[in-house]
Amino acid sequence: MRVLVIEDSATALQMLVALLRSAGCLAATATNGKRANELIGAEAFDLILTDMELPDASGIEIARSVRASQGPNRFAAIVGLTATVTHELHLESRQAGMITLLPKPLRRPDFDRIVQLLAPKHSSF
């Protein structure tokens with residue numbers, strides 16, 4: 001599975017990439033919205049994991065941009081990651097086109113549930 005990880009914290013980014021690699025995923029990374037948008041427009045991903053609060057964009061903005069585009073990731077699964085999950089933020093993330101919002105740090109059981117949700121769509125997992 002090809003996963004784009006959008007995270008501005010170097011420590012959190014390292015942890016996410018390690019988790020993804022241990023699950024057999026290929027990870028591309030972006031530390032800001034500008035770089036994320038470049039990658040989103042150029043490469044196809046099965047899953048986009050995005051921090052909800054980046055220096056130059058929000059996860060909501062990224063999700064809306066992906067869904068509004070005609071690019072290779074228009075239908076990619078998007079999951080928001082945040083330190084503080086609220087009901088309101090969860091609703092807003094769903095309305096923006098995310099499949100869910102998960103708390104940081106992302107734990108392996110939560111990631112495995114996402115993979116199970118995507119498995120019927122991607123038989124190569």
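**Exercise 1. Find Pro105 and work out what is unusual about the bond before it.**

Start with the place: Pro105 sits in the loop between β5 and α5 (108–118). This is a predicted model, by the way, so you're looking at computed values throughout. Next, look at the link to Lys104: the peptide bond joining Lys104 and Pro105 is cis, with omega at about -10°. Now set that against the general rule: most peptide bonds are trans.

**Exercise 2. Trace the chain and list its elements in order.**

Count first: you should get five helices and five strands. Then walk from the N terminus, and the order reads β-α-β-α-β-α-β-α-β-α.

**Exercise 3. Decide whether the radius of gyration fits a compact globule.**

Step one is the expected value: for 125 residues, a compact globule would come out near 14 Å. Step two is the value for this protein, 13 Å. The two agree, so the radius fits a compact globule. For a feel of the outline, picture the C-alpha atoms in a box of roughly 30 × 30 × 25 Å along the principal axes.

Now go inside. Of the 125 residues, 44% are buried. Then take the contacts between residues at least 6 apart in sequence: 60% of them join residues at least 24 apart.

Finish on the outside. The accessible surface is about 6600 Å², and carbon and sulfur atoms account for 52% of that. As for charge, there are 13 positive and 13 negative ones, and their mean positions lie 6 Å apart.

**Exercise 4. Sort Thr82 and Thr100: buried or exposed? Then find what they touch.**

Take Thr82 in strand β4. Its relative accessible area is 5%, and since buried means under 20%, Thr82 is buried. Skip residues up to four places away in sequence, and Thr82 touches Met52, Leu89, Leu101, Leu102, Pro103 and Lys104. There's also a link closer along the chain: the side chain of Thr82 reaches the backbone nitrogen of Thr84 at 3.3 Å.

Now Thr100, which is in strand β5 (residues 100–103). At 15% relative accessible area, Thr100 is buried too. With residues up to four places away left out again, its partners include Ile78, Val79 and Gly80. The rest of the list is His90, Arg94 and Ile114.

**Exercise 5. Which residues does Glu92 contact beyond its neighbours in sequence?**

Locate Glu92 first: look in helix α4 (residues 87–95). Its relative accessibility is 33%, so Glu92 counts as partly exposed. Leave out the neighbours within four places, and you're left with Ile60 and Arg64. Check the spacing for Ile60: the two residues are 32 apart along the chain, yet their C-alpha atoms are separated by 7.5 Å.

**Exercise 6. Describe the surroundings of Arg74.**

Go to the loop between α3 (59–68) and β4 (77–82), and there you'll find Arg74. With a relative accessible area of 30%, Arg74 is partly exposed. Next come the contacts: setting aside neighbours within four places in sequence, Arg74 meets Val66, Arg67 and Ser69. Add one polar contact, from the side chain of Arg74 to the side chain of Gln70, at 3.3 Å. Last, try a distance across the model: Arg74 and Ala30 are 44 residues apart in sequence, and their C-alpha atoms are 18 Å apart in space.

Technical notes. Residues numbered from 1 in each chain as written. Predicted model: local features only at pLDDT ≥ 70, side-chain atom pairs only at ≥ 80, totals over all residues. Heavy atoms only, no water. Helix = DSSP H or I, 4+ residues; strand = E, 2+ residues; numbered from the N terminus. Rg over C-alpha atoms; globule rule 2.2 N^0.38 Å. Buried < 20%, exposed > 50% of the residue type's maximum accessible area, 1.4 Å probe, protein only. Contact = heavy atoms within 4.5 Å. Areas by Shrake-Rupley, 256 points an atom, 1.4 Å probe, with all protein chains shown as cover. Lys, Arg positive; Asp, Glu negative; His and termini not counted. Charge placed at Lys NZ, Arg CZ, Asp CG, Glu CD. Polar contact = N/O pair within 3.5 Å; in protein donor to acceptor, adjacent residues only side chain to side chain.
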